[in-house]
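Work through the exercises below with the sequence and the model at hand. Each task is followed by a solution in steps.

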Amino acid sequence: MASLREIKSRINSTKKTSQMTKAMQMVSASKSKRAEQNAKGYVPYMEKVQDVVAAIAGGTSDASHPMLISRPVKKTAYLVIGSDRGLAGAYNSSILRQLSRTLKERHRSNDEFVILAIGRVPRDYFVKRGYNVVESIVGLPDQPTFSDVKQIARKAVGMFADGTYDELYMYYNHFVSVISQEVTEKKVLPITDIAPKANEGLTASYEFEPSGEAILEVLLPQYAESLIYGALLDGKASEHAARMTAMKTATDNANELIRDLSLVYNRARQAAITQEITEIIGGAAALE
């Protein structure tokens with residue numbers, strides 16, 4: 001059995017760990033609330049842009065654009081959104097595991113796809129395994145703005161436009177609730193899911209000047225970039241929520257360990273006191 005000093009030392013170190021995880025939980029809770037507001041606040045903008053694009057693409061005969069047309073797939077790009085740090089439960093591992101499984105199922109060779117990574121964890125993961133990571137960005141703030149990801153978003157869209165790859169998928173954690181996040185695959189390019197929705201009441205009527213095609217030339221790249229930024233906001237909300245949940249679990253586990261160690265410490269201390277009393281009584285009896 002460990003000595004009283006060793007048990008006491010473990011209790012003190014576990015208490016310090018509990019204090020740190022509790023502080024990290026509170027910080028993540030604050031960040032999670034703001035990130036959730038950012039993600040939800042961006043949804044109406046995305047829905048309106050999608051409505052406009054759908055109206056142009058589906059409502060005019062002269063509106064066409066390469067981003068709206070599927071072409072034979074020779075190479076695929078995957079944009080994975082993770083975090084720079086760990087201590088977030090299964091936030092990163094669930095995305096990486098799902099994407100790794102997809103790559104093995106869809107592709108026979110590493111030459112058939114490229115990786116674009118947002119976050120140090122996914123970047124390092126795929127670099128170590130020898131995958132072709134053509135672009136990465138790390139060190140994003142907890143509440144990112146579009147300018148923080150403008151470079152990688154425009155490069156992702158530009159590489160599709162110049163034929164470097166023929167389709168682009170995003171992998172990220174979709175925020176469902178504080179305790180639930182879902183790994184999500186979303187096809188960004190080509191844009192094939194913007195057909196006008198039927199049976200949804202009144203729809204807006206648009207007049208296009210100079211032409212629908214000219215508007216699409218400007219709007220579609222911005223729309224694709226906005227999809228990436230929206231997924232990043234969603235992923236950040238999931239990251240902070242996952243870290244808050246992980247730190248709460250760590251705090252609860254530390255408190256439970258402290259209770260168990262305290263019980264062991266009290267029993268050992270009781271046994272030591274009993275032994276000392278027994279020795280004293282035995283010594284006194286020997287002197288009589």
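The exercises that follow concern a predicted model.

**Exercise 1. Salt bridges within helices**

Task: Determine which residue meets Lys 40 in a salt bridge, and how the two are placed in helix 1.

Solution.
Step 1. The side chain of Lys 40 meets that of Glu 36, with an N to O distance of 2.8 Å.
Step 2. Both residues belong to helix 1 and lie four residues apart, about one turn of the helix.
Step 3. Lys 40 has a relative accessibility of 53%; the cut-off for exposed is over 50%, so Lys 40 counts as exposed.

Task: Describe the salt bridge of Lys 236 and state whether its two residues are buried or exposed.

Solution.
Step 1. The partner of Lys 236 is Glu 239, and the closest N and O atoms are 3.4 Å apart.
Step 2. Helix 5 (residues 212-287) holds both residues, three residues apart, about one turn of the helix.
Step 3. Buried means under 20% relative accessible area. Lys 236, at 7%, therefore counts as buried, and so does Glu 239, at 2%.
Step 4. The pair belongs to a network of salt bridges that links Lys 236, Glu 239 and Arg 243.

**Exercise 2. A salt bridge between elements**

Task: Find the partner of Arg 106 and explain why the pair ties together parts that are apart in sequence.

Solution.
Step 1. Arg 106 forms a salt bridge with Glu 185 through their side chains, at 2.7 Å from N to O.
Step 2. Because Arg 106 lies in helix 2 (residues 91-106) and Glu 185 in strand 5 (residues 180-189), the salt bridge ties together parts that are 79 residues apart in sequence.
Step 3. Arg 106 is partly exposed at 38% relative accessibility, and Glu 185 is partly exposed at 34%.
Step 4. As for the total, the structure holds 11 salt bridges.

**Exercise 3. The surroundings of strand 2**

Task: Explain why strand 2 is described as largely enclosed by the rest of the structure.

Solution.
Step 1. Count the buried residues: six of the six residues of strand 2 are buried, so the strand is largely enclosed.
Step 2. Check each face. Phe 113, Ile 115 and Ala 117 are buried on one side, and Val 114, Leu 116 and Ile 118 are buried on the other.
Step 3. Look at the pairing: strand 2 pairs with strand 1 in the parallel sense, over six bridges.
Step 4. Within this pairing, Leu 79 stands opposite Leu 116 of strand 2.

**Exercise 4. The nonpolar cores**

Task: Identify the residues that touch the most other members of the largest nonpolar core, and the elements that build this core.

Solution.
Step 1. The core has 44 residues, of which Leu 79, Ile 118, Tyr 165, Leu 168 and Leu 189 touch the most other members.
Step 2. Two or more residues each come from helix 1, strand 1 (76-81), strand 2 (113-118), helix 4 (146-161), strand 4 (167-177), strand 5 and helix 5.
Step 3. Helix 5 gives the largest share, 13 residues.
Step 4. For Leu 79, leaving out residues up to four places away in sequence, the contacts include Leu 116, Ile 118, Ile 152, Leu 168 and Ile 228.
Step 5. A second, separate core has 13 residues, among them Tyr 78, Leu 96, Leu 103 and Phe 126.

**Exercise 5. Helix 1 and helix 5**

Task: Use Ser 32 and Met 244 to list contacts between residues that lie apart in sequence.

Solution.
Step 1. Ser 32 is found in helix 1 (residues 4-59) and is buried, with a relative accessible area of 3%.
Step 2. Beyond four places in sequence, Ser 32 touches Ala 237, His 240 and Ala 241.
Step 3. Met 244 lies in helix 5 and is buried at 16%.
Step 4. With the sequence limit of four places again applied, Met 244 touches Gln 25, Ser 28, Ala 29 and Val 178.
Step 5. The C-alpha atoms of Met 244 and Lys 31 are 9.2 Å apart, although 213 residues separate them along the chain.

**Exercise 6. Surface positions**

Task: Which residues form a nonpolar patch on the surface with Ile 277, and where is Pro 210 placed?

Solution.
Step 1. Ile 277 forms the patch with Ile 273 and Ile 281, and together they have about 270 Å² of accessible area.
Step 2. Ile 277 lies in helix 5 and counts as partly exposed, at 45% relative accessibility.
Step 3. Pro 210 is in the loop between strand 5 and helix 5 and is exposed, at 61%.
Step 4. The C-alpha atoms of Pro 210 and Gln 270 are separated by 89 Å, with these positions 60 residues apart along the chain.

Key
Residues are numbered from 1 along each chain as its sequence is written. This is a predicted model: local features need pLDDT of at least 70, side-chain atom pairs count only at pLDDT 80 or more; totals for chains, interfaces and linings use all residues. Side-chain values use heavy atoms; hydrogens and water are left out. Buried means under 20% relative accessible area, exposed over 50%, partly exposed in between (1.4 Å probe, protein chains only). Contact means heavy atoms within 4.5 Å. A salt bridge is a side-chain nitrogen of Lys or Arg within 4 Å of a carboxyl oxygen of Asp or Glu. Patches are made of residues with over 30% relative accessible area and no salt bridge: like charges are joined within 9 Å, nonpolar side chains (Val, Leu, Ile, Met, Phe, Trp, Tyr) within 5 Å. Accessible areas come from the Shrake-Rupley method with a 1.4 Å probe; for residues, only the protein chains shown count as cover. A nonpolar core is a set of buried Ala, Val, Leu, Ile, Met, Phe, Trp, Tyr and Cys residues joined through side-chain atoms within 4.5 Å. Two strands pair if DSSP finds at least two bridges between them.
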